[in-house]
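Me: Please take one part of this structure and give me a close look at how it is packed. I would like a single connected account that also tells me how that part sits in its wider setting.

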Amino acid sequence: MVKVIFANVDLACNDEQPPKPRSRKGAGSERACQGNLFGVMPLYAPRHNEVWATYYLMLDAEGAAELTRPIIKGSTFSAYVERIYLPNVEDVDVTDSRKHTEENDAVDLDPVVARK
Amino acid sequence: MFSYRRLCLARQRRRLTAKALAEAAGVSYVTISRLENGENPPDEGTVTKLAQALSYPLKFFFQDDPESLDVNAVSFRSLSKMSAKERDAALAAGIIGLEVAAWIEERFILPKPDLLDLSYETDPEVAAKSLRQYWGIGEKPIGNMIRLLEAKGVRVFSLSENTLSVDAYSFWRDDKPYIFLNNFKTPERSVMDAAHELGHLVLHKHAGTQPSTDLSRHAEREANQFASAFLMPLNDLKARVPRRVTVANILKAKERWRVAATALAYRLHVIGHLSEWQYKSACIELGRRGFRAGEPNGIERETSAIWQKVLTQLWVERTTKEEIAESLNLPLDEFESLIWGLTSPSHQLDTKHNALHIVK
């Protein structure tokens, strides 16, 4: 099951610099985010207190947003189990999804006219 | 021999009542009425006066009777909004258009009509798809609707009726399809009108539209659906427009299909990308940005490739538009109004100075 918490961060959706929270995260948050760092590996003895996966909807001042499952340590995000970048719909280029097809694929026929 | 039907035709083109013509020509109303009913042949003086009043060449009246266009055989849009005078003038333009078309075909070989008869098809969406398949254009957007129509043998003319109640009309004559387009609309609207008329040509080939009947309203709806589906094919639309549609997306996407923003919003609503509520708010927002009345940042107006080529060739042969009009026995302005806006700006230049008046 998934829990989503909102957080303001310094910078979202950036591969170089992972998001850090604007405010300090307390012990409660830390407990909620005791993620299994080996998230993609199979679990043979699942721990029952881990039924909740806690995601943060992280929003930065520019409006970029990501849905990220962090590990909290030392009142801040220390590691990230999973990061999902949320695109800003206004920014999505309509033709993006099919950029690989030729851009100008419109039909333009030229009628043939001949002098009698 | 004097053709009384040509007198009637010229009068309708000039949007004159018999009475107004009588006054303009300085003859009695009875004379006009008797002439138009073919009751007696006119004397030379009267015809000269009438020709002058109508500014038609005298020869025009001494040709064979013109072809007739039955209002029921023509697919008119919004016929109910049109006055009889407007309707007759538009129909008369059609008759003259037929003569111009015949004139060209005597001199040039034009593409042969290559349309499907889809009158058995009950779903306009399927009809649009079938026609696209038949033409082998898949689901690609149409780069130029008029040129596509011309390449498929449709004769396209301009309807220079400066009135918003005449959109366009189309008909079949001797197995040739004709479309008359009003060029006073936005270019996007003209593209849609052309596709709408194409819908009539393939869907309602055998059924004329009876004005203001349920049947004609049904035919109009079908032609609208056809136009929408033909210009914005379902799969292409689904593949390219994101699931969450915003007004910004609509404005960007409309460039691909070269349609009005409101037409795209409606299509997205029809295919279920926009809910009733989203569609309404999109319409309000588009209206606020001026997309109801016009089309800001619109496409360029489409021009006719056939007219371009014909006029260029004739120009090379040192035949001017004046000479073409003369050999058609038409006044220049009538000839130009049929190709107005269909030719490139360079050809339009000389139409312009007709509108200039000498100011003393």
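Reply: The part chosen here is chain B, where, among contacts between residues at least 6 apart in sequence, 71% join residues at least 24 apart. The model is a predicted one, and that should be kept in mind throughout. Chain B has 360 residues, of which 54% are buried, and its secondary structure comes to 17 helices and 5 strands.

A helix pair is a useful place to begin. Helix H8 (residues 187-203) of chain B and helix H9 (residues 214-231) of chain B have axes that come within 8 Å and cross at roughly 120°. Because of that angle, H8(B) counts as oblique to H9(B), and the handedness of their crossing is right-handed. On the H8(B) side the contact includes Val191(B), Met192(B), Ala195(B), Leu198(B), Val202(B) and Leu203(B), while among the residues that H9(B) brings to it are Ala219(B), Ala223(B), Phe226(B), Ala227(B), Phe230(B) and Leu231(B). The contact is not purely nonpolar, since its residues divide into 12 nonpolar, 5 polar and 2 charged; the charged ones are Glu220(B) and Glu222(B) of H9(B), and the polar ones include His196(B), Gly199(B) and His200(B) of H8(B).

From this pair the view can be widened to the nonpolar cores. In soluble globular proteins, nonpolar side chains tend to be buried together. The largest nonpolar core here has 55 residues, and those with the most contacts inside it are Phe61(B), Val100(B) and Trp307(B). Helix H5 (residues 84-107) of chain B gives the most to this core, contributing 11 residues. With its neighbours within four places in sequence set aside, Phe61(B) is in contact with Met1(B), Phe2(B), Ser3(B), Arg6(B), Leu7(B) and Ala10(B), and also with Ala51(B), Leu54(B) and Tyr56(B). A second, separate core has 54 residues, including Leu198(B), Val202(B), Ala227(B) and Ala265(B). This returns the account to the helix pair, for Leu198(B) and Val202(B) take part in its contact from H8(B), and Ala227(B) from H9(B).

Burial is also marked in a short helix further along the chain. Helix H16 (residues 332-339) of chain B has 6 of its 8 residues buried, so it is largely enclosed by the rest of the structure. The buried residues of H16(B) are Glu334(B), Phe335(B), Glu336(B), Ser337(B), Leu338(B) and Ile339(B), a list in which two glutamates and a serine stand beside Phe335(B), Leu338(B) and Ile339(B).

One backbone detail deserves a careful eye. Most residues other than glycine have a negative phi. Asn297(B), however, has a phi near 50°, a positive value in a residue other than glycine, and it lies in the loop between helix H13 (276-288) and helix H14 (305-316) of chain B. Because its relative accessibility is 75%, Asn297(B) counts as exposed.

Chain A provides a setting for these figures. Its secondary structure comes to 1 helix and 5 strands, which follow the pattern β-α-β-β-β-β along the sequence, and of its 116 residues 28% count as buried. Residues 24 or more positions apart account for 54% of the contacts in chain A with a separation of 6 or more. Ser75(A), too, has a positive phi, near 65°, and is found in the loop between strand E3 (65-73) and strand E4 (76-86) of chain A; because its relative accessibility is 18%, Ser75(A) counts as buried.

Note on methods: Residues are numbered from 1 along each chain as its sequence is written. Chains are lettered from A and ligands numbered from 1 in the order in which they are written. This is a predicted model: local features need pLDDT of at least 70, side-chain atom pairs count only at pLDDT 80 or more; totals for chains, interfaces and linings use all residues. Side-chain values use heavy atoms; hydrogens and water are left out. Axes are lines fitted to C-alpha atoms, for helices over the stretch in contact, and angles run from 0 to 180 degrees between N-to-C directions. Helices (H or I, at least four residues) and strands (E, at least two) are DSSP runs, numbered from the N terminus. Angles under 35 degrees count as roughly parallel, over 145 as roughly antiparallel, 65 to 115 as roughly perpendicular and the rest as oblique. A crossing is left-handed if the near helix is turned anticlockwise from the far one by less than a right angle, and right-handed if clockwise. Contact means heavy atoms within 4.5 Å. Ala, Val, Leu, Ile, Met, Phe, Trp, Tyr, Cys and Pro count as nonpolar, Asp, Glu, Lys and Arg as charged, and the others, Gly among them, as polar. A nonpolar core is a set of buried Ala, Val, Leu, Ile, Met, Phe, Trp, Tyr and Cys residues joined through side-chain atoms within 4.5 Å. Buried means under 20% relative accessible area, exposed over 50%, partly exposed in between (1.4 Å probe, protein chains only).
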